[in-house]
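This report describes the packing, domain contacts and charged pairs of one protein chain. The structure under discussion is shown first.

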Amino acid sequence: MTDKYIDLVSQGLGKNVAKKLGLPQPVVLRRHQPGAPLVEGPVLVNGDSVGADDLATTLLGWGLDVRRNALPKEKLGAIILVMDAVQHPEDLGKPVLTVGASLRDLAPNARIITVSRTAHSASTPAAAAARQGIDGLLRSLAKELRAGTTGNGIILSEDLATTSPSVLGSLRFFLSGRSAYVDGQFLTVTGPSGSLPADFDKPLAGKVAVVTGAARGIGASIARTLHRDGAKVVAVDIPAAGDHLAAVANEVHGTALQLDISREDAGQRIIGHAVERHGRLDIVVHNAGITRDRLLANMDEGRWQSVIAVNIAAQLRINEALLASEHFKASPRIVSVASTSGIAGNRGQTNYGASKAAVIGMVRSTAPLMEPCGGTINAVAPGFIETEMTARMPLAIREAARRANTLRQGGQPQDVAEAIAFLASDSAGGISGEVLRVCGQQLVGA
Ligand code: NAI
């Protein structure tokens, strides 16, 4: 679904009127296109630690136009604020204020990215305070940015180098148009595993990926994005969606599997289809989900049970089959679609909120089980995404929900798909048990 308001306020009279009246002024976001530059403009790498030096050298190797100090009036494409060695909250002032002085010189759709370490593993209370301080700093700064510019952070575990594969993978994700609708969020890298792809435009080359709920909406977009990134896709949906499913599967040169994921044997059917038709299974994306909204006072058993059955019980059962399968052992990836309703809650969605929070619990507890075979499991939590589901909302509620985030617009299905494609890639091998919100920094529960 398109957001006509963005077109209206992006140019001419509409732009002036919106500015004068103080109305929201969303802009068209920079989204990834194969072959597009990673970032538009010079990249300032701020920080004087060894980690900052190493990162700057790596970025130079990628052919980026790297600065260690801002030049007057130069429009920057990104600022990377490397604070991996801070020991005390008083250490934050100098780098942060230096960056503050460059904020007016950012190009549209620029990126601010912090690089820091986990607070809980700090050796002193002062270091923990400084590291945790970066959380509040980044989330607040992201709310001040305009014109499609976003602020996100990468958190490293204690001994990880700033140039380890998943730190660089996360950095590329945040710099690129793939993270257009990810704002005010952190990715935590806990492991040294993972590897950068030979071809950055085909990070999933040679992989076989299953996407549930692929007949339409976000699922269809995930199928297209994984295919674009080089994966062979198995598109799964209920038999009633067979025609749409076949169309998506054909479009992505993949195969269709008509299957209700809440069936007892769904896991076996998925593994069987992938191995029989494509010889392997590397990635499973649990996207299929339903809503049956009612205030709890009016909730009936059918509405409650069906949402739990599809949104979480099916995922648990399929994961059990995957974990037990000899065909899902070569650095496999599971990515589950949660929702900001499972984080912040949403009126009328006790069943849905429970199911999506349950997805987050499941992901955290399954992560260690994936470790022995080099596997990972993560969740992506979308906020307001422009789909058939949100198009059906009453106009006033839809318009309020769409603007209640820092980017003042809804996300596109592609935005969710890009985050999933990143977490499904080898670059994300050091990230597991995480929840990445794709919500434009939704103001509620952010
Ligand atoms: P959608 O309703 O457009 O598509 C969901 C797909 O899942 C449909 O094709 C449906 O047939 C399929 N499906 C439902 N039950 C199934 C079952 N038992 N077995 C196999 N397939 C089944 O939904 P949309 O908007 O694309 O959402 C996709 C996911 O994203 C869902 O998990 C949803 O909860 C989540 N989400 C969506 C948001 C939005 O703003 N649209 C926000 C947050 C989360």
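## Asp229 and its surroundings

The side chains of Asp229 and Arg178 are joined by a polar contact of 3.0 Å. The model is a predicted one. Asp229 sits in the loop that runs between α7 (217-228) and β8 (232-237). Its relative accessibility is 0%, so Asp229 counts as buried. When neighbours within four places in sequence are set aside, Asp229 is in contact with Arg178, Asp201, Lys202, Pro203, Leu204, Ala205 and Ala421.

Gly230 also lies in the loop between α7 and β8. With a relative accessibility of 25%, Gly230 counts as partly exposed, because the buried class is limited to values under 20%. Outside the four neighbouring places in sequence, the contacts of Gly230 are Lys202, Leu204, Ala205 and Gly206. From Gly230 to Val208 the C-alpha distance is 9.2 Å, at a separation of 22 residues in sequence.

## Salt bridges

The count for the model comes to 22 salt bridges. One of them pairs Glu418 with Arg228, with 2.8 Å between the closest N and O atoms. This pair links distant parts of the chain, since Glu418 belongs to helix α15 and Arg228 to helix α7, 190 residues apart. Both Glu418 and Arg228 are buried. Through salt bridges with shared partners, Arg178, Arg228, Asp229 and Glu418 form one network.

A further salt bridge brings together the side chains of Arg224 and Glu251, at 2.7 Å from N to O. Here too the pair links distant parts of the chain: Arg224 is in helix α7 and Glu251 in helix α8 (residues 242-251), with their positions 27 residues apart in sequence. Arg224 has a relative accessible area of 36% and is therefore partly exposed. Glu251, at 43% relative accessibility, likewise counts as partly exposed.

Asp135 and Arg139 also form a salt bridge, their closest N and O atoms lying 2.9 Å apart. Because these two residues are four apart in helix α5 (residues 125-144), about one helical turn separates Asp135 from Arg139. The relative accessibility of Arg139 is 26%, so Arg139 counts as partly exposed.

## Nonpolar cores

In soluble globular proteins, nonpolar side chains tend to be buried together. The largest nonpolar core of this model holds 67 residues, among which Ile80 and Leu226 touch the most other members. Helix α15 (residues 413-423) supplies the largest share of this core, namely seven residues. The core lies between domain 2 (39-189) and domain 3 (208-438), because both domains give residues to it.

Leu226 is in contact with Leu204, Ala209, Val211, Ala231, Val233, Val285 and Ala421, leaving aside neighbours within four places in sequence. A second core, separate from the largest, has 33 residues, including Leu259, Ala274, Phe328 and Ile377.

## Domains and the interface of domains 1 and 2

The assignment for the protein chain gives domain 1 (1-30), domain 2 (39-189) and domain 3 (208-438). Taken over C-alpha atoms, the centres of domain 1 and domain 2 are 29 Å apart. Four residues from domain 1 and eleven residues from domain 2 take part in the contact.

Between them, domain 1 and domain 2 bury about 610 Å², of which 52% is on carbon and sulfur atoms. On the domain 1 side, Val27, Leu29 and Arg30 lose the most area to domain 2, together accounting for 97% of what that side buries. Zero salt bridges are found across the interface of domain 1 and domain 2. Polar contact between these domains amounts to two residue pairs, both at pLDDT 80 or more.

## Asn109 and Arg30

Which backbone atom does the side chain of Asn109 reach? The partner is the backbone nitrogen of Arg30, at 3.2 Å. Asn109 is part of strand β4 (residues 106-117), and its relative accessibility of 13% means that Asn109 counts as buried. Apart from neighbours within four places in sequence, Asn109 is in contact with Val28, Leu29, Arg30, Ala147, Gly148 and Thr149.

Definitions and conventions. Residues numbered from 1 in each chain as written. Predicted model: local features only at pLDDT ≥ 70, side-chain atom pairs only at ≥ 80, totals over all residues. Heavy atoms only, no water. Core = buried A, V, L, I, M, F, W, Y, C linked by side-chain atoms within 4.5 Å. Buried < 20%, exposed > 50% of the residue type's maximum accessible area, 1.4 Å probe, protein only. Domains from an automatic or database assignment. Contact = heavy atoms within 4.5 Å. Polar contact = N/O pair within 3.5 Å; in protein donor to acceptor, adjacent residues only side chain to side chain. Buried area = accessible area lost by both parts, 1.4 Å probe. Salt bridge = Lys/Arg side-chain N within 4 Å of Asp/Glu carboxyl O.
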